[in-house]
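Work through these exercises with the model open. Try each task before reading its solution.

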Amino acid sequence: MKFVAESFSWPFRGDWKSTWLPGLIAVLLLPIAFIPLLGYAIAATRAAELDTGPGPPRWVFSMRLFWDGAWTALAIALFTAPFALAFNPLADLLFSMRIWTGGDDAVSQLYAHVAAAFLLALPWGLLFLLHMPHATARFALTARWDDLFDFVQSVRAVSRDFATWNLAAAAIVTGWALGLVGVGLLCLGLIPGVFYAILVSAHASAALHDKGANSSTR
């Protein structure tokens, strides 16, 4: 669909340079700017839902920016927690099974933890692709925090319009691949690649906002 191609060019529409500068700073300072960066991702999704023409919105440091970022961070933490809790037990199980061993126990433990990370990464990524695009689109438009945690509604929305979700998910995955790999290979650095992927994801998620989402606003 057309919106997939538009997702890759949308980060460079409008007065994108003034948008990118604070965005790059936020990615650079990610440990302390995580919440405002997530809040801006929600603002970018909302802007794309309302009108994709102008491109990414300007940064506006407001209570809503931090409110949106805080709730989004909480949702990410909640859906990540089961996988984080399973990480060490799964690594210990793999180590005890001696499926992938090294020269000594320390190396074998390392291999087991790497294998556990890869085994958990796939279901974690699928969960986020299934839930977060629709949840982000709903929350960006309604400002209702419970929209971020309504996994059942996301699954229903995917089932109602699987084709659109599939294209949005493909755009998100490709955006992150271009951001983390392609941009890096072009020697532009990881930081602009991450911000580019965030903007692509925001635009792709925005295409889902009217697919079963509650369009009422607070």
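**Exercise 1.** Find which backbone oxygen lies 2.7 Å from a polar atom of the side chain of Ser 159.

Solution.
- Step 1. Start with the place of Ser 159, which is in helix 6.
- Step 2. Check the pair: the backbone oxygen of Arg 156 lies 2.7 Å from a polar side-chain atom of Ser 159. This is a predicted model, so the distance is computed from predicted coordinates.
- Step 3. Classify Ser 159. Exposed means over 50% relative accessible area. Ser 159 has 59% relative accessibility, so Ser 159 counts as exposed.

**Exercise 2.** Decide how the buried residues of helix 6 are arranged around its axis.

Solution.
- Step 1. List the buried residues of helix 6: Gln 153, Ser 154, Ala 157 and Val 158.
- Step 2. Look down the helix axis. These buried residues fall within an arc of 140°, so they line one face of helix 6.
- Step 3. Turn to the face away from the buried side. There helix 6 carries the exposed residues Arg 156 and Ser 159.

**Exercise 3.** Is Ala 143 buried or exposed, and what is the sign of its phi?

Solution.
- Step 1. Locate Ala 143 in the loop between helix 5 (105-142) and helix 6 (151-160).
- Step 2. Apply the cut-off: buried means under 20% relative accessible area. Ala 143 has 12%, so Ala 143 is buried.
- Step 3. Read the backbone angle. Phi of Ala 143 is near 65°, a positive value in a residue other than glycine.

**Exercise 4.** Describe the surroundings of Thr 45, starting from what it touches.

Solution.
- Step 1. Place Thr 45 in helix 3 (residues 30-50).
- Step 2. Take its relative accessibility, 1%; Thr 45 therefore counts as buried.
- Step 3. Follow the side chain of Thr 45 to the backbone oxygen of Ala 41, reached at 2.9 Å.
- Step 4. Leave out residues up to four places away in sequence. Thr 45 then touches Thr 136, Ala 137, Ala 140, Ala 202, Ser 205 and Ala 206.

**Exercise 5.** Characterise the largest pocket by its space and its lining by class.

Solution.
- Step 1. Give the space: about 890 Å³.
- Step 2. Count the lining, 26 residues; Ile 76, Phe 128, Ile 172, Trp 176 and Ser 201 lie nearest the centre of the pocket.
- Step 3. Assign elements. Helix 3, helix 4 (63-97), helix 5, helix 7 (162-185) and helix 8 (190-206) each give two or more residues to the lining. The largest share, 8 residues, comes from helix 5.
- Step 4. Sort by class: 20 nonpolar, 6 polar and no charged residues.

Technical notes. Residues numbered from 1 in each chain as written. Predicted model: local features only at pLDDT ≥ 70, side-chain atom pairs only at ≥ 80, totals over all residues. Heavy atoms only, no water. Helix = DSSP H or I, 4+ residues; strand = E, 2+ residues; numbered from the N terminus. Buried < 20%, exposed > 50% of the residue type's maximum accessible area, 1.4 Å probe, protein only. Polar contact = N/O pair within 3.5 Å; in protein donor to acceptor, adjacent residues only side chain to side chain. Contact = heavy atoms within 4.5 Å. Arc of directions from axis to C-beta. 1 Å grid on protein atoms, 1.4 Å probe; cavity = no way out; pocket = protein on both sides within 12 Å on 5 of 7 lines; lining within 4 Å. Points joined across faces, edges and corners; volume = space filled by probe spheres on them. Nonpolar A, V, L, I, M, F, W, Y, C, P; charged D, E, K, R; others polar.
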